[in-house]
Amino acid sequence: MLTQPRIKFLYTEPDSLESRVGNTPLIRLKRLTDDLPSSVQVFAKAEWLNPSGSVKDRPALNIIHDAPNSGKLDPTHQRLLDSTSGNMGIAYATFGAARGIGITLAVPANASPERLSILKTLGAELILTDPLEGSDGAILEARRLAQENPERYYYANQYNNPANWQAHYNGTAPEIIEQTDGQVTHFVAGLGTSGTFTGNGRRLKEFDPGIQLISAQPNDSFHGLEGLKHIPTAIKPAIYDETLADDNISVNTEEAQEMTLRLARDEGLFVGVSSGAAAVAALTVARTLETGIVVTVFPDAGFKYLSERFWNQSQGEN
Ligand code: PMP
């Protein structure tokens with residue numbers, strides 16, 4: 001019954017790298033749902049298949065597209081500036097390189113070495129911020145730079161920029177509706193900037209107010225769920241809409257890591273830890289159902305996290 005998407009992502013030239021953003025497959029979790037009735041199905045949107053390797057291609061491209069056209073960024077003498085813990089920066093740097101737009105990023109100094117290398121390779125200028133201050137420290141540094149150098153920078157501000165969630169409202173959510181023949185009943189996503197959750201959630205509720213929206217976030221301010229935020233203790237993203245979620249699930253780092261390994265070993269899905277967290281939350285929801293189609297988002301692949309130790313501390317060390 002499920003179909004793969006035919007919706008063209010917005011505003012791209014044919015044959016461009018950008019035209020490959022979006023239209024990602026929806027992959028069913030099979031072995032991890034063996035214990036569930038066949039009337040309950042769980043699917044993940046395979047966002048690591050975007051050109052720069054993550055879900056953030058969608059908002060980055062939308063923000064870049066929005067900026068020059070609305071006169072907010074003049075690439076001849078301005079650079080795009082933002083704070084990021086990695087994926088958004090990689091997406092900006094990818095499309096910035098292809099369009100000839102300079103990219104400056106405030107990044108916590110403890111971002112994984114793989115990520116920092118990718119960003120440098122793509123030509124981004126990096127401003128490393130205090131690791132102890134996490135992504136909030138990077139936000140504050142980007143704000144400071146933007147205020148001090150308004151001529152030099154277009155501050156894209158992904159936490160505050162409607163083009164972030166709108167990329168999902170106009171792209172990801174219509175794809176999910178089409179791929180499930182409109183039968184999706186539950187949508188589950190982790191919260192970082194909250195763009196994925198907010199954009200998809202708004203569109204899905206408009207399509208069918210009965211669709212349940214469940215956000216997933218770390219259970220603690222100190223966590224290892226790269227890309228996700230513990231909203232109660234973090235700088236709250238301006239685009240975060242706290243009225244949207246029907247429910248919220250807290251996930252701890254260890255269970256997300258364990259699930260990440262299971263996704264690799266039981267489903268062949270080599271994804272990052274925030275995908276593990278999304279899977280924990282999606283399966284928690286699925287276990288409460290007698291019938292339903294649960295859709296979640298797997299934001300990126302595992303490659304950028306290989307320096308983390310948990311990969312080797314697994315069930316299957318044999
Ligand atoms: N997972 C990863 C790996 C990410 O990089 C991000 C983006 N910060 C997210 C999840 C959360 O996505 P969003 O910013 O749309 O909430």
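Which residues is Q217 in contact with, leaving aside its neighbours within four places in sequence? The first legend answers this; all legends refer to a predicted model.

**View 1. Surroundings of Q217 in strand β8.** Q217 belongs to strand β8, which covers residues 212-218. Beyond its neighbours within four places in sequence, Q217 contacts L191, K229, H230, I231, P232, N248, I249, S250 and V251. One of these residues, I231, is reached through its backbone nitrogen by the side chain of Q217, at 2.9 Å. The relative accessible area of Q217 is 7%; Q217 therefore counts as buried, since the cut-off is under 20%.

**View 2. Surroundings of K45 in strand β2.** Strand β2 runs over residues 40-46 and includes K45. With a relative accessible area of 0%, K45 is buried. Once the neighbours within four places in sequence are set aside, the contacts of K45 are T24, P25, L26, R58, T172, E175, I176, Q179, T296, V297 and F298.

**View 3. The ligand and the residues around it.** There are 16 residues around the ligand, and those that come nearest are K56, G192, T193, T196 and S274. The space that the ligand takes is the largest pocket.

**View 4. Polar atoms at the ligand.** T196 has a side-chain N or O atom 2.6 Å from an oxygen atom of the ligand. At G195, a backbone N or O atom is 3.5 Å from an oxygen atom of the ligand. A nitrogen atom of the ligand lies 2.6 Å from a polar side-chain atom of S274. The protein buries 95% of the 390 Å² that the ligand exposes when taken alone.

**View 5. Helix α3 and the elements it packs against.** Helix α3 spans residues 113-121, and its residues E114, R115, L116 and L119 are buried. In an α-helix with 3.6 residues a turn, residues three or four places apart point the same way. The buried residues of α3 pack against helix α2 (87-99) and against strands β4 (102-108) and β5 (125-129).

**View 6. The residue G123 after helix α3.** G123 follows α3 and has a positive phi, near 90°. Strand β5, at residues 125-129, is one of the elements against which the buried residues of α3 pack.

Terms used: Residues numbered from 1 in each chain as written. Predicted model: local features only at pLDDT ≥ 70, side-chain atom pairs only at ≥ 80, totals over all residues. Heavy atoms only, no water. Helix = DSSP H or I, 4+ residues; strand = E, 2+ residues; numbered from the N terminus. Buried < 20%, exposed > 50% of the residue type's maximum accessible area, 1.4 Å probe, protein only. Contact = heavy atoms within 4.5 Å. Near = heavy atom within 4 Å. Polar contact = N/O pair within 3.5 Å; in protein donor to acceptor, adjacent residues only side chain to side chain. Areas by Shrake-Rupley, 256 points an atom, 1.4 Å probe, with all protein chains shown as cover. 1 Å grid on protein atoms, 1.4 Å probe; cavity = no way out; pocket = protein on both sides within 12 Å on 5 of 7 lines; lining within 4 Å. Sits in = over half its atoms within 2 Å of the grid points.
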